[in-house]
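Trainee: I have a model open and want the reasoning behind the labels. Can we go through them one at a time?
Mentor: Yes, put the structure up.

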Amino acid sequence: MPFVGVRMGESGVHRMVRDLKGFLGYGLDLLRILRLDFKNPHSYTKFRMIRSVQRKAHCRVLIEAGTYFGATADRCSRIFDQVYTIELDERLAEKASDYLKRRKNVRVMKGDALHILPQLLQREDIGNVLIYLDGHFCGDGTACGIFPEPAVEELRLLSPYKEKINAVIVDDFRSFGSEEGFPAKSVLLKSAEDCFMDGFFETTVFLDQLLIVRTRGRG
Ligand SMILES: C[S@@+](CC[C@H](N)C(=O)[O-])C[C@H]1O[C@@H](n2cnc3c(N)ncnc32)[C@H](O)[C@@H]1O
């Protein structure tokens, strides 16, 4: 299909429509915030939050738990040097690999984030990382690992690699303690405090995300 003199493939058109919807969703989110009636941010609003944290904490590598179709990995490929995205469901991982194949700095990793996160962080070439924990069961067609929401265990596994980590974002804070099998919010917060409260990171909850951001030198 021609577009401003450039031929776009199916995935190019899909990305353009997705980006337009993203701007609209972000606009609606801003309106909801103005009306103080805000629940679940649009995925583009979540991307803006990732970008804001990335800038604040000087992150170069994104590791995302939970790829789904690859929308966030795709958006983030434009702002990070490297993106690693982990998906437990084999079919989704293959679909996302195909969708993201043109993004040369994105790697889709098939498997459980509980196993793959420490493996990635052990690598010498990986540092200044933003970890985006969004790999949980979310209904038909998505995977359910040992834990429907493994973020509490993932934070514990990340803790020994703190010196490589500049920020962690845990998505869907509202679902903790309310979705079946999700740990309570207090359990998640305790895990964040136990694992990251060492004077180098600040923790806050903002727009349905738990943000753990490095504010001082290396831990
Ligand atoms: C909310 S979706 C991810 C959305 C994606 N981050 C985005 O922004 O487009 C959650 C995904 O996590 C996957 N998942 C569930 N448990 C997982 C685990 N233990 N490790 C990796 N992925 C997991 C599900 O199959 C599902 O595709």
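Trainee: What makes strand 6 and strand 7 a pair?
Mentor: This is a predicted model, and pairing takes at least two bridges between the strands. Strand 6 (residues 129-133) and strand 7 share five bridges, in the parallel sense. That satisfies the cut-off of at least two, so they count as paired. Look at Ile 131: Val 168 in strand 7 stands opposite.

Trainee: Why is strand 7 called largely enclosed?
Mentor: A residue is buried if 20 or more other C-beta atoms lie within 10 Å of its own. In strand 7 (residues 165-170), six of the six residues are buried, so the rest of the structure largely encloses the strand.

Trainee: What makes the crossover from strand 6 to strand 7 right-handed?
Mentor: The test is a clockwise path, viewed with the strands pointing away from you. The chain leaves strand 6, passes through helix 6 (residues 151-158) and enters strand 7. This β-α-β crossover is right-handed, so the path runs clockwise in that view.

Trainee: How do you know that strand 7 also pairs with strand 9?
Mentor: Four bridges join them, and the two strands run antiparallel. The cut-off is at least two, so this is a pair. Val 170 has Leu 210 in strand 9 as its bridge partner.

Trainee: And which strand does strand 8 join, by six bridges?
Mentor: Strand 8 joins strand 9 (residues 209-214), and they run antiparallel. Thr 203 stands opposite Ile 212 in strand 9.

Trainee: What makes strand 5 and strand 8 edge strands?
Mentor: Strand 5 (106-110) and strand 8 (201-206) each pair on one side only. The sheet is open, with seven strands in the order 5-4-3-6-7-9-8 and mixed pairing. Neighbouring strands are turned by 15° against each other on average, direction ignored.

Trainee: How do you know that helix 4 packs on the sheet?
Mentor: Helix 4 (residues 90-99) touches strand 4 and strand 5. Its direction makes about 165° with that of strand 5. Helix 5 lies across strand 3, strand 4 and strand 5, at about 165° to strand 3.

Trainee: What surrounds the ligand?
Mentor: A shell of 25 residues, the closest being Gly 66, Tyr 68, Thr 72, Gly 135 and Gly 145. The elements giving two or more residues to the shell are strand 3 (61-65), helix 3 (71-76), strand 4 (82-87) and helix 5 (113-121). By class, the shell has twelve nonpolar, eight polar and five charged residues.

Technical notes: Residues numbered from 1 in each chain as written. Predicted model: local features only at pLDDT ≥ 70, side-chain atom pairs only at ≥ 80, totals over all residues. Near = placed C-beta within 6 Å. Nonpolar A, V, L, I, M, F, W, Y, C, P; charged D, E, K, R; others polar. Axes fitted to C-alpha atoms, helices over the stretch in contact; angles between N-to-C directions. Contact = placed C-beta atoms within 7 Å. Buried ≥ 20, exposed ≤ 12 C-beta atoms within 10 Å, placed from the backbone.
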